[in-house]
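Please open the structure in the viewer and follow the stops below in order. Each stop names a selection and then describes what is found there.

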Amino acid sequence: MLGGTFDPVHLGHLRSAVELREALALDRVHLIPAKAPPLRGEPRVAPEERLAMLRLGIGDTPGLVADDRELSREGPSFSADTLASLREELGPDGRLVMALGHDAFLRLAEWHQPQRLFALAHLVVVDRPDYEAPLPVALRELIAGRECEDAEELMARPAGGLLRVRLPSRMAISATELRRRLSTGRSVRYLLPEAVERHILAHGLYRRN
């Protein structure tokens, strides 16, 4: 599970998904757009548009899935509920992983039912090249005894572990900066998949009113 607003999806998101699949030998990676992220502001464009862009961005990439389950669910997009849905499909013995960036990881203790996340899945934290900060006390307590040395140790159990990974590309692309550029008509070439860029321009998304 790789969640986010994907507002818009960019090459950093997609390349991270591909490299996560390779690094952890995953069968597939579900990219799941949040309808109403509890700890973030309202996304700039409608959920249906973000899902359409995600599908265009993924295209025919093997092992990547645009998963719309949070968009059809009422209320806040709690990751614990999404993991419970995936766990129900996967069964009790399958390995389930939730990947998140280091910036989101720093706020993990503030999430809805954070202990439940580990009961349902492993957590994999993707290092960001532009983000370094000490761990809050509550977060250190939450992850105590859960950290694994490598993917092999992590995958020895269906859930409950924590692994930090540094992906090869480490693409520091900011969706905030992309929206800023799009709002003023500046180029976003080579930051987004071409199909996503065409969709944004054709529909006038993110343009300043």
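Begin with the whole chain in cartoon view: nine helices and six strands appear, where helices (H or I, at least four residues) and strands (E, at least two) are DSSP runs numbered from the N terminus. The model is predicted, so local features need pLDDT of at least 70 and side-chain atom pairs count only at pLDDT 80 or more, while totals for chains, interfaces and linings use all residues. Residues are numbered from 1 along each chain as its sequence is written, and side-chain values use heavy atoms, with hydrogens and water left out.

Next, select the C-alpha atoms. Along the principal axes they fill a box of roughly 50 × 35 × 30 Å.

Now display the surface of the chain. About 10,800 Å² is exposed, and carbon and sulfur atoms supply 49% of this area; accessible areas come from the Shrake-Rupley method with a 1.4 Å probe, and for residues only the protein chains shown count as cover. Of the 209 residues, 46% count as buried, meaning under 20% relative accessible area (exposed is over 50%, partly exposed in between; 1.4 Å probe, protein chains only).

Then select Gly-91, in the loop between α3 (79–90) and β4 (97–101). Is Gly-91 buried or exposed? Gly-91 is buried, because its relative accessible area is 18%.

Finally, add Arg-21 to the selection. Arg-21 and Gly-91 are 70 residues apart along the chain, and 20 Å separates their C-alpha atoms.
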